[in-house]
Amino acid sequence: MRSKEQRLEWFRDARFGMFMHWGLYSLLGRGEWVLNREKIPAAEYEALADQWKPKRGWARECARLAKRAGMKYMVLTAKHAEGFLLWDSKMSPYNAAQRGPGRDLVAEYVDACRAEGLRIGFYYCFMDWHHPDGEICEHDEAARKRFLDYSRGCVRELMTNYGKIDIMWYDCPWPLMSPERIEADSFNRMVRRLQPHILINDRSLVPQDFATTEMNMDPKDGQAWEACMKTNAEWGYVDYGQPEDWLTSRKVLDMIRHATLHGGNLLLNIGPTPEGSMPEGAYKMLLPIGKWLAKNGEAVYGRRVRDQKRYLDWTMIGHWTRQGNTAYYWIDRWIGSETVIAGFLAKVKRASILASGKPVKFKQVGDRVTLYGMPAANPDKNVHITVIKLECATYPHQELGMGRA
């Protein structure tokens, strides 16, 4: 088995991935918790399993958009808390192959990821509102053993039936809310035996390869980390939202920038329609990002080390990423042909506009760097974020102090 650092190499370089919440709940268009939040009767909800008829080619559409957006990997909800399995499973007939879809949706997803050159992740939610032992396992030991046998069998199928898998993304072990009760070590040993190269997140309640934050971008010191973020009202598809509910391309790029500066990844969620199409809002948000990353990806991709002692601070017009002795100044509020960077503690050797390679004139006096002779208007007409590449003689960082010159 490769070491943890070896397994993490591709992940640390990838920076940006697509999370996909897709299941029976997508037919109702009110998010992935609709069964629980509305207390829908079991028979009424289960009927959705026979009504669901995803279109052929859904997975390739999703993977193509991820690739065009500059994403490097995907994570699909193979099973969410509703309990419906998106693959052809021997553990339960409540699955996509034996009910309405009539085929293995996980297999289609895996094939599409491979066709587009994307790394493959499976999301598996322990919590299960459909399984008869899903709730009583908290207080009934026999039920706990049955439920874990079922869960173990499901995970084993996912790790066995689809070739090499890159990420095991656990979620929500409720109601067995301790590593001992959920038997996390047993699950992880099995997964690593079946998939020696795999990365596992920390949501089986024990630290593994990378830490996961949800709906926040707080860095995890000393760890590989990933922030999973919604793009609109819910994780699953909604048909009641407004266009303005979607994040803007600029906002997503700022999240990517923040994750990059602090050595983390962004896993950005999209909830496909019941048919499996990417919503219009996803295209409007993601395509400009992909176009921008195609020209400015150097400021994003590749492993970054978070240095809390030597940091790059925000300015009035932009923020930073860096790689080795190179700093990337993301200007998103263009103020004209000249601007000053203060407190910059590295000798600048060369400055240029990253997207075009065009040199930028500069002068440096002490810790103040003046960029001048730049275009009067922001050169980036796509999302209006221009990156100035500063190649330095030493590791770039700033000290701005408390405003004293």
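This section describes a four-stranded sheet, the helix packed on it and a set of salt bridges in a predicted model.

The sheet is open, and its four strands follow the order β9-β10-β15-β12 with antiparallel pairing. Strands β9 (318–323) and β12 (348–353) form the edges; each has a single partner strand, so one side of each is left without a neighbour in the sheet. On average, neighbouring strands are turned by 20 degrees against each other, direction ignored. At the β12 edge, the antiparallel pairing with β15 (residues 386–392) comprises five bridges. Val-348 stands opposite Cys-392 of β15.

Helix α11 (residues 249–261) packs on this sheet, where it touches β9 and β10 (326–331). The direction of α11 makes about 45 degrees with that of β9. With 13 residues at 1.5 Å a residue, α11 should span 18 Å, and this agrees with the 18 Å between its end C-alpha atoms. The buried residues of the helix are Ser-249, Val-252, Leu-253, Met-255, Ile-256, Arg-257, Ala-259, Thr-260 and Leu-261. Besides β9 and β10, these buried residues pack against β1 (16–20), β7 (225–229), β8 (264–270) and α12 (280–296). Just after the helix, Gly-263 adopts a positive phi of about 75 degrees.

Across the whole structure, 29 salt bridges were found. One of them joins Arg-2 to Glu-9, with the closest N and O atoms 3.9 Å apart. Arg-2 is partly exposed at 34% relative accessibility, and Glu-9 is likewise partly exposed, with a relative accessible area of 45%.

A salt bridge also links the side chains of Arg-181 and Glu-141, at an N to O distance of 3.4 Å. Arg-181 belongs to helix α9 (residues 179–182) and Glu-141 to helix α8 (residues 141–160), so the pair ties together parts that are 40 residues apart in sequence. Both side chains belong to partly exposed residues, with relative accessibility of 27% for Arg-181 and 34% for Glu-141. Arg-181 and Glu-141 are members of a salt-bridge network that also includes Arg-144, Asp-149, Arg-152 and Glu-183.

In a further salt bridge, Asp-221 pairs with Arg-306, and the closest N and O atoms are 1.9 Å apart. Asp-221 lies in the loop between β6 (211–214) and β7, whereas Arg-306 lies in the loop between α12 and β9; the pair therefore ties together parts 85 residues apart in sequence. Asp-221 is partly exposed at a relative accessible area of 46%, as is Arg-306 at 30%.

Notes: Residues numbered from 1 in each chain as written. Predicted model: local features only at pLDDT ≥ 70, side-chain atom pairs only at ≥ 80, totals over all residues. Heavy atoms only, no water. Pairing = 2+ DSSP bridges. Helix = DSSP H or I, 4+ residues; strand = E, 2+ residues; numbered from the N terminus. Axes fitted to C-alpha atoms, helices over the stretch in contact; angles between N-to-C directions. Contact = heavy atoms within 4.5 Å. Expected span 1.5 Å × (residues − 1). Buried < 20%, exposed > 50% of the residue type's maximum accessible area, 1.4 Å probe, protein only. Salt bridge = Lys/Arg side-chain N within 4 Å of Asp/Glu carboxyl O.
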